[in-house]
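Reader: Hello! I would like a close look at one part of this protein, and then at how that part fits in with the rest.

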Amino acid sequence: MIDCDPGNGIPGANIDDGLALALAIAAPQIALEMITTVAGNTPVDVGYAVARDLITQLDIPVAVYRGASRALLEDPQPWREKLD
């Protein structure tokens with residue numbers, strides 16, 4: 001399972017999580033069974049769409065679930081404005 005906020009293909013977003021997903025998918029010693037997305041460098045809906053698109057394009061049987069849209073304790077407003 002990988003929990004991430006992928007932004008590959010989104011202008012201005014980091015690609016680190018997308019790269020982690022690609023490496024995990026390509027590694028024969030890793031059995032990736034699930035991807036969950038959370039709000040981070042990209043909003044949760046964007047990260048979910050990016051992850052679903054990657055899995056769909058690769059046509060692999062990996063479940064993708066949308067997770068939390070914000071941190072449980074931290075107010076996202078100050079840093080979300082900067083990222084957006």
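Which residue forms a salt bridge with Arg66, and how far apart are the closest N and O atoms?

Author: Happy to take you there. A short note on the ground rules comes first. This is a predicted model, so local features are described where pLDDT is at least 70 and side-chain atom pairs where pLDDT is 80 or more, while totals for chains, interfaces and linings use all residues. Residues are numbered from 1 along each chain as its sequence is written, and side-chain values use heavy atoms, with hydrogens and water left out.

Now to your pair. The partner of Arg66 is Asp45, and their closest N and O atoms are 2.9 Å apart. A salt bridge here is a side-chain nitrogen of Lys or Arg within 4 Å of a carboxyl oxygen of Asp or Glu. The structure holds 1 such bridge. Asp45 belongs to helix 2 and Arg66 to strand 3, 21 residues apart, and the pair thus links distant parts of the chain. Helices (H or I, at least four residues) and strands (E, at least two) are DSSP runs, numbered from the N terminus.

How open are the two partners? Asp45 counts as partly exposed because its relative accessible area is 46%. Arg66 is partly exposed too, with a relative accessible area of 46%. The cut-offs are under 20% for buried, over 50% for exposed and anything in between for partly exposed, using a 1.4 Å probe and protein chains only.

Arg66 has a second role in the picture: its charged end sits over the ring of Tyr48, 4.2 Å from the ring centre. That label applies when NZ of Lys or CZ of Arg is within 6 Å of the ring centre and within 35 degrees of the ring normal.

Tyr48 and Arg66 come together again in the surroundings of Thr37, a residue of strand 2. Leaving out neighbours within four places in sequence, Thr37 is in contact with 11 listed partners, including Val44, Gly47, Tyr48, Ala51, Tyr65 and Arg66. Contact means heavy atoms within 4.5 Å. Thr37 counts as buried because its relative accessibility is 0%.

One of the partners of Thr37, Ala51, takes us back into helix 2. Ala51 is buried, with a relative accessibility of 1%. Apart from neighbours within four places in sequence, Ala51 touches Pro6, Ile35, Thr37 and Val64.

From Ala51 we can step into the largest nonpolar core, which has 11 residues in all, among them Ile2, Ile35, Ala51 and Val64. Such a core is a set of buried Ala, Val, Leu, Ile, Met, Phe, Trp, Tyr and Cys residues joined through side-chain atoms within 4.5 Å. Two or more residues come from each of strand 1 (2-4), helix 1 (16-26) and helix 2 (44-58). Helix 2 gives the most, with 3 residues. In soluble globular proteins, nonpolar side chains tend to be buried together.

Ile2 shows how the core meets strand 2. Not counting residues up to four places away in sequence, Ile2 touches Ala20, Leu21, Ala24, Leu32, Met34, Ile35 and Thr36. Thr36 lies in strand 2 (residues 34-37), and at 13% relative accessibility it counts as buried. With the four-place neighbours set aside, Thr36 contacts Met1, Ile2, Asp3, Cys4 and Tyr65.

Following helix 2 onward, you reach the loop between helix 2 and strand 3 (63-66), where Asp59 lies. Asp59 is exposed, since its relative accessible area is 69%. Its phi is near 55°, a positive value in a residue other than glycine. Most residues other than glycine have a negative phi, and most peptide bonds are trans.

Finally, let us step back to the whole chain. There are 3 helices and 3 strands, and from the N terminus on they run β-α-β-α-β-α. The radius of gyration is 13 Å, close to the 12 Å that the globule rule gives for 84 residues, so the chain is as compact as a globular protein of that length. This radius is taken over C-alpha atoms, and the rule is 2.2 Å times the number of residues to the power 0.38. Of the 84 residues, 31% count as buried. Among contacts between residues at least 6 apart in sequence, 64% join residues at least 24 apart.
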